[in-house]
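Welcome, and take a moment to turn the model around before reading on. This short tour looks at empty spaces, ring contacts and a couple of unusual backbone angles.

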Amino acid sequence: MSDTHGGAFLDPAQAPGAIFTPEDFDAEQQALFDTARRFCDEQVWPRLADIEAKVPGVLEGLMQQASDLGLTMLDLPEEYGGLDLPLPVSMRVLESTGREQSFMLTLMVQNGIGSLPVALFGSDEQKAQWLPGFASGELRGCYCLTEPGSGSDALAARTTAVLDGEQWVLNGTKQFITNAGIADVGFVFAKVQGEVDGASGFTCFIVPLDAPGVSLGAEEHKLGMHGSSTRQVILQDARIARGNVLGQIGRGHVIAFNILNNGRYKLGGTALGSAKCALDAALDYAAARRQFGQRIVDFGMIRRKIGQAAADIYAAESAIYRAGGAIDALANAGGRTADAKLAALQDFALECSIAKIAGSELLWRVADEALQMFGGYGFLEEYPAAKYLRDARIARIYEGTN
Ligand SMILES: Cc1cc2nc3c(=O)[nH]c(=O)nc-3n(C[C@H](O)[C@H](O)[C@H](O)COP(=O)(O)OP(=O)(O)OC[C@H]3O[C@@H](n4cnc5c(N)ncnc54)[C@H](O)[C@@H]3O)c2cc1C
């Protein structure tokens with residue numbers, strides 16, 4: 001049984017329970033992390049120019065390769081083709097792809113906000129319909145909450161849903177939707193107009209992106225994450241089946257916020273992974289670069305930067321994996337059902353937010369100091385530091401601004 005609940009770190013009287021650390025990973029799990037890291041190094045990194053230029057088919061092809069390795073089924077239930085890995089393990093797999101942040105984001109969405117809504121809130125029929133495709137990579141999902149007029153204030157969304165016979169008719173625009181350009185289905189939040197089955201209001205819908213009335217905006221031109229797809233999802237009298245309500249009518253906020261708990265946790269962990277890669281790149285450079293007749297890595301001020309980054313990484317990693325282990329233990333104590341996993345995420349909402357802030361602020365600081373260690377070359381696109389910094393910036397904004 002898990003004796004640890006969310007916020008326990010604030011209570012000095014609380015028994016610590018078994019605190020998870022990365023040293024708890026076993027050899028089989030380490031092999032999975034190595035697979036993810038090698039895939040990133042050997043398949044993703046060499047295609048960087050094509051990924052950044054959004055050459056058609058490249059990202060999709062890499063995602064299919066990732067699926068073939070089992071990297072898109074990390075958290076899905078085994079009965080639907082998933083691996084149902086413990087949360088710290090699936091987190092570490094994603095973290096291991098931190099070298100290329102656009103690809104990592106694409107993979108993270110597929111393993112999180114782009115598939116988990118069905119896994120955690122779907123009916124048995126919806127799970128059977130969608131989850132095997134998400135697990136195999138045949139289907140990709142995206143999460144459509146933000147609108148042009150509502151970001152932080154997500155419940156102020158203006159997209160509407162009206163029941164017309166056996167179909168819902170949706171109208172509205174969803175903004176900044178990650179993976180929209182490669183997705184088959186979106187989890188769209190809209191307000192049900194009038195009472196349907198005695199309920200109305202904010203509701204989540206499963207929307208096939210090829211449904212009549214659904215279209216996409218152009219790819220956004222972004223400061224960073226150039227390889228990741230970010231588009232509007234536009235609903236103009238979009239028609240979907242009546243059965244595509246996810247969860248209950250009027251309870252969309254429960255889905256939105258709990259899925260974001262998982263999303264924030266994973267964002268923290270993936271940012272941690274990229275911070276490690278940015279530091280590694282700076283270390284390699286500092287060991288090779290010579291000024292005043294010696295390697296710059298031997299200067300005290302450079303060593304201070306490296307030491308500070310390493311200490312910050314250690315602190316964020318400890319907090320993130322401790323939280324992941326505690327969330328997983330609580331889900332296990334509840335029988336590891338969808339409801340138990342949800343309850344655990346809700347219980348640890350505070351730690352999920354802390355993970356998000358700790359990881360994303362860490363990444364920003366480390367990417368900045370890494371670039372500084374490259375000197376003027378850090379400002380050139382042909383060296384890796386510029387891209388780490390550009391890509392890092394968004395982590396402090398999305399999934400809820402820090
Ligand atoms: C590349 C990218 C990918 C994204 N992917 C997705 C996705 O897949 N799905 C999705 O639904 N959304 C996505 N988003 C949207 C993202 O989550 C929002 O941009 C974010 O939540 C902030 O909303 P906003 O941009 O409307 O800013 P606003 O909410 O308008 O905030 C503007 C500023 O005001 C501050 N602010 C707002 N409210 C308060 C307050 N109460 N007190 C103090 N300050 C406040 C904010 O912190 C911020 O600094 C993505 C965004 C980007 C840029």
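## Spaces inside the model

The lining of the second largest cavity has three nonpolar, two polar and two charged residues. Before going further, please keep in mind that this is a predicted model. The residues around the second largest cavity are Met 108, Val 109, Gly 112, Ile 113, Gly 263, Lys 266 and Glu 399. Helix 5 and helix 8 each provide at least two residues of that lining.

The structure holds two cavities of 30 Å³ or more. For the largest cavity, 13 residues form the lining, and Met 104, Met 225, Leu 267, Thr 270 and Tyr 398 lie nearest its centre. Here too, helix 5 (101-110) and helix 8 each supply at least two residues. Sorted by class, the lining of the largest cavity has nine nonpolar, three polar and one charged residues. Domain 1 (8-140) and domain 3 (253-396) each give at least three residues to the lining of the largest cavity.

There is also open space to look at, in the form of the largest pocket. Which residues are the closest to the centre of the largest pocket? They are Thr 146, Phe 176, Ile 397, Tyr 398 and Glu 399, out of the 33 residues that line the largest pocket. Helix 5, strand 3, helix 8 and helix 12 each contribute at least two residues to this lining, and strand 3 gives the most, with four residues. The lining of the largest pocket divides into 16 nonpolar, 10 polar and seven charged residues.

The volumes of these spaces are set out here:

| Space | Volume |
|---|---|
| Largest pocket | About 860 Å³ |
| Largest cavity | About 80 Å³ |
| Second largest cavity | About 30 Å³ |

Some names come up again: Tyr 398 is among the residues nearest the centre of the largest cavity and among the closest to the centre of the largest pocket. Glu 399 is one of the residues lining the second largest cavity and is also among the closest to the centre of the largest pocket.

## Two residues with a positive phi

Most residues other than glycine have a negative phi, and most peptide bonds are trans. With that in mind, two residues from the spaces above deserve a second look.

Phe 176, from the pocket lining, has a positive phi of about 65 degrees although it is not a glycine. Phe 176 belongs to strand 3 (residues 167-178). Is Phe 176 buried or exposed? Its relative accessibility is 53%, so Phe 176 counts as exposed.

Met 225, one of the residues nearest the centre of the largest cavity, has a phi near 50 degrees, again a positive value in a residue other than glycine. You will find Met 225 in the loop between strand 6 (214-216) and strand 7 (230-241). Met 225 has a relative accessible area of 6% and is therefore buried.

## Aromatic rings in contact

The structure holds 13 aromatic pairs. In one of them, the rings of Phe 25 and Tyr 321 have their centres 5.8 Å apart and their planes at 85 degrees, so this pair is edge-to-face. Phe 25 is in the segment before helix 1 (27-44), while Tyr 321 is in helix 9 (residues 300-333), so the pair ties together parts that are 296 residues apart in sequence. With a relative accessibility of 7%, Phe 25 counts as buried. Tyr 321 counts as buried as well, at 0% relative accessibility.

Another pair, Tyr 285 and Phe 374, is stacked, at 4.4 Å centre to centre with 25 degrees between the planes. This pair also links distant parts of the chain: Tyr 285 lies in helix 8 (residues 252-288) and Phe 374 in the loop between helix 11 (349-373) and helix 12 (384-392), 89 residues apart. Tyr 285 is buried at 13% relative accessibility, and Phe 374 is buried with a relative accessible area of 4%.

Returning to Tyr 321, ring pairs link Phe 20, Phe 25, Phe 33 and Tyr 321 into a cluster. Tyr 321 has a charged neighbour too: the charged end of Arg 92 sits over its ring, 5.0 Å from the ring centre. Elsewhere, the charged end of Arg 393 sits over the ring of Trp 364, 5.4 Å from its centre.

Technical notes: Residues are numbered from 1 along each chain as its sequence is written. This is a predicted model: local features need pLDDT of at least 70, side-chain atom pairs count only at pLDDT 80 or more; totals for chains, interfaces and linings use all residues. Side-chain values use heavy atoms; hydrogens and water are left out. Rings of Phe, Tyr and Trp (its six-membered ring) pair if their centres lie within 6.5 Å; planes under 30 degrees apart count as stacked, over 60 as edge-to-face and the rest as tilted. Buried means under 20% relative accessible area, exposed over 50%, partly exposed in between (1.4 Å probe, protein chains only). A charge sits over a ring if NZ of Lys or CZ of Arg is within 6 Å of the ring centre and within 35 degrees of the ring normal. On a 1 Å grid over the protein atoms alone, a cavity is a set of points where a 1.4 Å probe fits but cannot get out, and a pocket is an open set with protein on both sides within 12 Å along at least five of seven lines; lining residues have an atom within 4 Å of a point. Grid points are joined across faces, edges and corners, and a volume is the space filled by probe spheres set on the points. Ala, Val, Leu, Ile, Met, Phe, Trp, Tyr, Cys and Pro count as nonpolar, Asp, Glu, Lys and Arg as charged, and the others, Gly among them, as polar. Domain bounds come from an automatic or database domain assignment.
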